[in-house]
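Hi,

Here's the structure I promised to pass on. Have a look at it first, and then read on for what turned up.

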Amino acid sequence: MKSFQGKTLRWEWREGVIELTLDHEPANEIGTAMLRELEQFVGAFGALGKETSSCIIASARPQVFSAGGDLRELYRQAISVPEKERAKGIRSFLERIHGVMNAIDAAPFVTIAAVHGACLGGGLELALACDIIIADKMARFAFPELRLGFIPGFGGIPRLKRDLGNGIVRDLLFTGRTLNATRAHAVGLASQLAGEGQALAIARSTAAQVTKYDPVARAAAKKFIKAIPYDELRREIDIFCELFIRPEVMAALKKFVQDSGSMPYLP
């Protein structure tokens, strides 16, 4: 399948490059609807992989790349089942989203996140699964999960530690504060800094450059330099589930969903 139009995202293959565009109101939250379509997306890798050099992930939402997991949906689903079954439900969701993130991480082609606006929580975890992050100068990156009583659950901690080390992980986790694009570029989170509104254009130029090189060597180099920390990723799921079932988390999520603001997760 070389093109797809879903309810939360779309993609198109053209001249060796896949462009995946997130487009889910209000802020590209990753819930069950987007997860199903992301699973369809990575399911197409087998057919498209041999003729694909690059994949660009971008957002059609004007102010945000992705605000992360759909916490409202998460809360509704959690309170709809007995307490003893909550961990089972969230584990199933996390294992599915880890399957998607791991497929993007291990894709035989180069993956590029073109980030503008807010890139928070699970949105940052999606960007971290990519090989290259190109940041619009107005992009902002953060892991705000600890304020709700849990940790990032889509693979963010092991991948951020793999790429940047524990210092940045601790800073983002323990403070919840935002890295602006300039700082993200300075610490190596973003490999390229683009002008306002130019991240996608720079990503396309980068993808065109990638296309010039030998695909077998490219895939071998990626596998060599980008080992996937599977053991840590599995442990992350365990820790998330242990934290998530606490009453304090349900109380924090209840307060979150009752917030009348359109994007209460913004730092």
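At what angle do helix H4 and helix H5 pack, and how far apart are their axes? Keep in mind that this is a predicted model. H4 covers residues 83–106 and H5 covers residues 122–129; they pack at an angle of about 30°, and their axes are 8 Å apart. Angles under 35 degrees count as roughly parallel, so that is what H4 and H5 are to each other. On the H4 side, the contact is made by Met101, Ile104 and Asp105, while H5 brings in Gly122, Glu125, Leu126 and Ala129. Sorted by type, the residues of this contact are four nonpolar, one polar and two charged.

Glutamate 125 of H5 deserves a second look. Is glutamate 125 buried or exposed? Its relative accessible area is 1%, so it is buried, as anything under 20% counts that way. Leaving aside neighbours within four places in sequence, glutamate 125 is in contact with several residues, including Met101, Phe143, Pro152 and Glu236.

That last one leads to helix H11 (residues 230–244), where Glu236 is among the buried residues, along with Leu233, Ile237, Phe240, Cys241 and Phe244. Seen down the axis of H11, the buried residues fall within an arc of 125°, so they line one face of the helix. What covers them includes H4 and H5 again, as well as helices H3, H6 and H12. The length of H11 checks out too: at 1.5 Å a residue, its 15 residues should span 21 Å, and its end C-alpha atoms are 21 Å apart.

Cheers

Terms used:
Residues are numbered from 1 along each chain as its sequence is written. This is a predicted model: local features need pLDDT of at least 70, side-chain atom pairs count only at pLDDT 80 or more; totals for chains, interfaces and linings use all residues. Side-chain values use heavy atoms; hydrogens and water are left out. Axes are lines fitted to C-alpha atoms, for helices over the stretch in contact, and angles run from 0 to 180 degrees between N-to-C directions. Helices (H or I, at least four residues) and strands (E, at least two) are DSSP runs, numbered from the N terminus. Angles under 35 degrees count as roughly parallel, over 145 as roughly antiparallel, 65 to 115 as roughly perpendicular and the rest as oblique. Contact means heavy atoms within 4.5 Å. Ala, Val, Leu, Ile, Met, Phe, Trp, Tyr, Cys and Pro count as nonpolar, Asp, Glu, Lys and Arg as charged, and the others, Gly among them, as polar. The expected span of a helix is 1.5 Å times one less than its number of residues. Buried means under 20% relative accessible area, exposed over 50%, partly exposed in between (1.4 Å probe, protein chains only). The arc is that of the directions from the helix axis to the C-beta atoms.
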